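Please load the model in your viewer, with side chains available for display, and follow the stops below in order. Each stop suggests a selection and then says what is to be found there.

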Amino acid sequence: MTTDTGFAKRFLWGAATSAHQVEGKATNQWTRWELENASSLAEQSKYHYADFEHWSNFKAAASNPNNYVSGRTANHYENYSTDFDLLEQMNMNAYRFSIEWSRVQPKEGAWDVEAVTHYRDYIADLKSRGIEPIVTLFHFTLPDWFADKGGFEKYSNIRYFIDFAERIMTEVGKGVKYVVTINEPDVYAEAGYRNGDWPPAVSSRWRFYRVAMNLMLTHQRTYRALKRVNGRLKIGLAKNSVNYYPGDNAWLSRVSAGWMQWLQDDRYLIPVVRRMDFMGLNYYQSARVYGYRVHNPETADKSDVDWTLTPGDIEYVLQRWYSKYKKPILITENGLADADDSRRQEWLQATIRGMRNAIKDGVELIGYLHWSLIDNFEWAYGKWPRFGLTSINYATGERTLRPSARWFGRVIKKLRGLD
Ligand code: BGC
């Protein structure tokens, strides 16, 4: 049933995080890499980010090696209940998070009962508040032992992940309905194996391709395995999508934009879409194409990490995906780095408009999860980009809902018909 706000009563309104970015005190392939690279990342920051529009605000933080070490981050592992209070304060009814494989299986063959109990309690806490847990099984971080075996580069390693997925969902999955197998397989493969920006810092077209393909196969096999664990689970994958559009009417611009879109979306989605009960969409930005190049408007407003702010374009992504694949869509991530919170409310307003239009046009949209609930460790950027609805003071651990979050909470109340 749709309320007169344009959104169904059961629409999922929530926020998202991932384990490594918020839990703190992790031991995995990323933590190893952070320690090895913190100094050089701090040193290179002035070359990488100096032309960012808002660079002067972050220069000091980004030049400090500590910025690149996740460390305690927001210490969400211990403070999760406090963070779930924030979801309630914003009238949310859904929350996406990931289970950190390296905690559950710190060594090959090991099974950490304490970590498993932790995640069981974590999910039970959400359920007791009427919040729908949306579990992600792989969000960019690998246990050291699995990384040392070659990670997802080796087809024969996939079975280790399936084993983890089956076992953890058997043990903690009671009451879970939605599972995201893999977060952004292509982004992971590209950053780690083609651009060399993330561990294991490889730059090889062939190795990138192999990892990307293996991850698609991992999704298919995990889907089948989890359906055997619980046939009622709704299983999907979270795929990022940049909205490419031609900047003029020239033939080359139009063909290039279409081709870039296909390369980014469809070549990954086509092989797996039959094994998706819903499609997870991570949307952050559009890209304008002139000729065969992306060239965004110079005048456009930018987020703190210099991404062009085009929130309303989410409507086009939703329409394109739905008209092509006819599957329910869950927005698994969407948001912006905005430390002073001067653009987040506007972003949310335009996004809600875009979603409403898409629903009106018949798109089966089941929910919206903002990235992120709290400030987090933003991978190779470190801690300076602030994506949180809630700000974190990393020195004291203090959490404060940003003004846009308080506004969003009031809007959700209305949109859910709770007023
Ligand atoms: C990732 C998140 C990340 C966000 C913002 C997505 O690509 O899934 O882990 O924090 O984008 O960069």
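Begin by selecting N67 together with W384, where the side chain of N67 reaches the backbone nitrogen of W384 at 3.0 Å. In this predicted model, N67 sits in the loop between α3 (55-62) and α4, and N67 counts as buried because its relative accessibility is 6%, below the 20% cut-off.

From that loop, move on to helix α4, residues 76-89, and look along its axis, which bends by about 40° at T82. Which residues of α4 are buried? Colouring by accessibility should pick out H76, Y77, Y80, D83, F84, L86 and L87. Just after the helix, select N91, which takes a positive phi of about 60°.

Next, display the ligand and the residues around it, namely Q21, H139, F140, N183, E184, Y284, W307, E333, W371, E378, W379 and F387. Three side chains in this group deserve a distance label. An oxygen atom of the ligand is 2.8 Å from an N or O atom in the side chain of Q21, while for the side chain of E184 the corresponding distance to a ligand oxygen is 2.5 Å, and for that of E378 it is also 2.5 Å.

Stay with E184, which belongs to the loop between β4 (178-183) and α9. Its phi is near 40°, a positive value in a residue other than glycine. Most residues other than glycine have a negative phi, and most peptide bonds are trans. Is E184 buried or exposed? With a relative accessible area of 8%, E184 is buried, since that value falls under 20%.

W371, another of the residues surrounding the ligand, leads to a backbone feature: the peptide bond from W371 to S372 is cis, with omega near 15°. S372 itself is found in the loop between β11 (365-371) and β12 (390-392). A further cis peptide bond runs from P199 to P200, with omega near 5°, and P200 can be located in the loop between α9 (185-194) and α10 (205-229).

Then select D341, in the loop between β10 (329-334) and α13. Phi of D341 is near 60°, a positive value in a residue other than glycine, and at 13% relative accessibility D341 counts as buried. From there, go to R344, which lies in helix α13 (residues 344-360) and counts as buried at 0% relative accessibility. Adding R402 to the selection shows a pair that is 58 residues apart in sequence and 9.4 Å apart in space, taken from C-alpha to C-alpha.

The last stops concern empty space. Rolling a probe the size of a water molecule over the atoms shows where empty space is left. How many cavities of 30 Å³ or more are there? The count comes to 1, and the largest cavity holds about 40 Å³ of space. To see its lining, select S98, I99, E100, W101, L137, F138, H139 and T141, which by class comprise 4 nonpolar, 3 polar and 1 charged residues. H139 has appeared before, among the residues surrounding the ligand.

Finally, turn to the second largest pocket, in which about 440 Å³ of space lies. Of the 23 residues that line this pocket, R10, F11, L12, Y178 and I366 are the closest to its centre, and the lining as a whole has 12 nonpolar, 4 polar and 7 charged residues.

Conventions. Residues are numbered from 1 along each chain as its sequence is written. This is a predicted model: local features need pLDDT of at least 70, side-chain atom pairs count only at pLDDT 80 or more; totals for chains, interfaces and linings use all residues. Side-chain values use heavy atoms; hydrogens and water are left out. On a 1 Å grid over the protein atoms alone, a cavity is a set of points where a 1.4 Å probe fits but cannot get out, and a pocket is an open set with protein on both sides within 12 Å along at least five of seven lines; lining residues have an atom within 4 Å of a point. Grid points are joined across faces, edges and corners, and a volume is the space filled by probe spheres set on the points. Ala, Val, Leu, Ile, Met, Phe, Trp, Tyr, Cys and Pro count as nonpolar, Asp, Glu, Lys and Arg as charged, and the others, Gly among them, as polar. The bend at a residue is the angle between axes fitted to the seven residues ending there and the seven starting there. Helices (H or I, at least four residues) and strands (E, at least two) are DSSP runs, numbered from the N terminus. Buried means under 20% relative accessible area, exposed over 50%, partly exposed in between (1.4 Å probe, protein chains only). A residue is near a molecule or strand if one of its heavy atoms lies within 4 Å of it. A polar contact is a pair of N or O atoms within 3.5 Å; within protein, one must be able to donate a hydrogen and the other to accept it, and residues adjacent in sequence count only if both atoms are side-chain atoms.
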